[in-house]
Amino acid sequence: AANTPETPVTQVQAHPPAFLSSFAYFMDACRNDYFRFAVAAEAMSGSLTAKLVEHTLVIYPEGRHNDECWLPRIDASFGLHSDSFRASGLLEPAAAPSPEPAVDAGGDAAAPAAPPLPTTGGGAIAAAGALAVATAARLRRRSEG
């Protein structure tokens with residue numbers, strides 16, 4: 001027998017509604033995503049809807065699978081993950097103190113160097129999102145069980 005890949009859609013189809021309802025779901029995609037994640041998200045949403053499982057699906061009408069699509073909406077996309085981590089008791093570390101400014105040879109404080117800006121492509125965001133979903137799901141199950 002051929003192995004069926006364990007995609008999120010096949011997992012939703014395989015599990016009963018009571019199990020699926022123990023998780024929170026937020027899916028978003030850009031309509032013109034060249035990986036066709038919008039199609040997969042709509043399929044998963046259809047399976048969750050058929051099983052009466054609460055979830056959120058947002059398909060943005062513009063954009064591709066790139067920073068122009070994801071970065072303006074990252075708070076919505078990762079908000080569920082942050083809320084789940086906090087609800088499970090995971091606390092964010094306190095902010096590190098600002099470093100003392102360097103002093104040049106003339107005794108004047110030098111301007112601190114700006115930290116490098118992170119660069120993330122849509123793939124990195126999607127991978128981080130998948131990891132966050134899996135971790136949040138495990139945390140939620142542990143806190144309830």
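Which residues does S47 touch, not counting residues up to four places away in sequence? The answer is V9, V12 and Q13, where contact means heavy atoms within 4.5 Å. Let's use that serine as a way into the fold.

First, a word on what you are looking at. This is a predicted model, in which local features need pLDDT of at least 70 and side-chain atom pairs count only at pLDDT 80 or more, while totals for chains, interfaces and linings use all residues. Residues are numbered from 1 along each chain as its sequence is written, and side-chain values use heavy atoms, with hydrogens and water left out.

**The chain as a whole**

The secondary structure of the protein chain amounts to six helices and two strands. Read from the N terminus, the order of elements is α-α-β-α-β-α-α-α. Here helices (H or I, at least four residues) and strands (E, at least two) are DSSP runs, numbered from the N terminus. The protein chain has 145 residues, and 25% of them count as buried; buried means under 20% relative accessible area, exposed over 50%, and partly exposed in between (1.4 Å probe, protein chains only). About 9900 Å² of the protein chain is exposed, with carbon and sulfur atoms supplying 61% of it. These areas come from the Shrake-Rupley method with a 1.4 Å probe, and for residues only the protein chains shown count as cover. If you take the contacts between residues at least 6 apart in sequence, 73% join residues at least 24 apart.

**Two strands and the helix between them**

Strand β1 covers residues 26–30, and four of its five residues are buried. Five bridges join β1 to strand β2 (residues 56–60), and the two run parallel; strands pair if DSSP finds at least two bridges between them. Within this pairing, A29 stands opposite I59 in β2. From β1 the chain crosses through helix α3 (residues 37–50) to β2, and this β-α-β crossover is right-handed. That term applies if, with the strands pointing away from the viewer, the path from the first strand over the helix to the second runs clockwise.

Helix α3 has 14 residues and reaches 20 Å from its first C-alpha to its last, close to the 20 Å expected at 1.5 Å a residue. The expected span is 1.5 Å times one less than the number of residues. Its buried residues are A38, A41, M44, S45, S47 and L48. Together, the buried residues of α3 pack against α1 (8–14), α2 (17–20), β1 and β2. Our opening residue, S47, sits in α3 and counts as buried because its relative accessibility is 13%.

**The loops around α3 and before β1**

Two loop residues other than glycine have a positive phi, and they make a handy pair to look up: R36 and L52. The table sets them side by side.

| Residue | Loop | Phi | Relative accessibility |
|---|---|---|---|
| R36 | between β1 and α3 | near 65° | 55% |
| L52 | between α3 and β2 | near 60° | 78% |

R36 counts as exposed because its relative accessibility is 55%. L52, which comes just after α3, is likewise exposed, at 78% relative accessibility.

Next, turn to the loop between α2 and β1, where you will find F23 and A24. F23 counts as buried because its relative accessibility is 14%, whereas A24, at 30%, is partly exposed. F23 is 31 residues from E54 in sequence, and their C-alpha atoms are 9.1 Å apart in space. A24 and H55 are also 31 residues apart in sequence, with 6.7 Å from C-alpha to C-alpha.

**How far to trust the model**

pLDDT is the predictor's confidence in each residue, from 0 to 100. The protein chain averages a pLDDT of 73, and 63% of the residues score at least 70. Among the elements, α2 has the highest mean pLDDT (96) and helix α6 (residues 122–144) the lowest (45). Over residues 111–142 pLDDT stays under 50, and the model has 33 contacts beyond four places in sequence for them. Where pLDDT is low, the predicted coordinates should not be read in detail.
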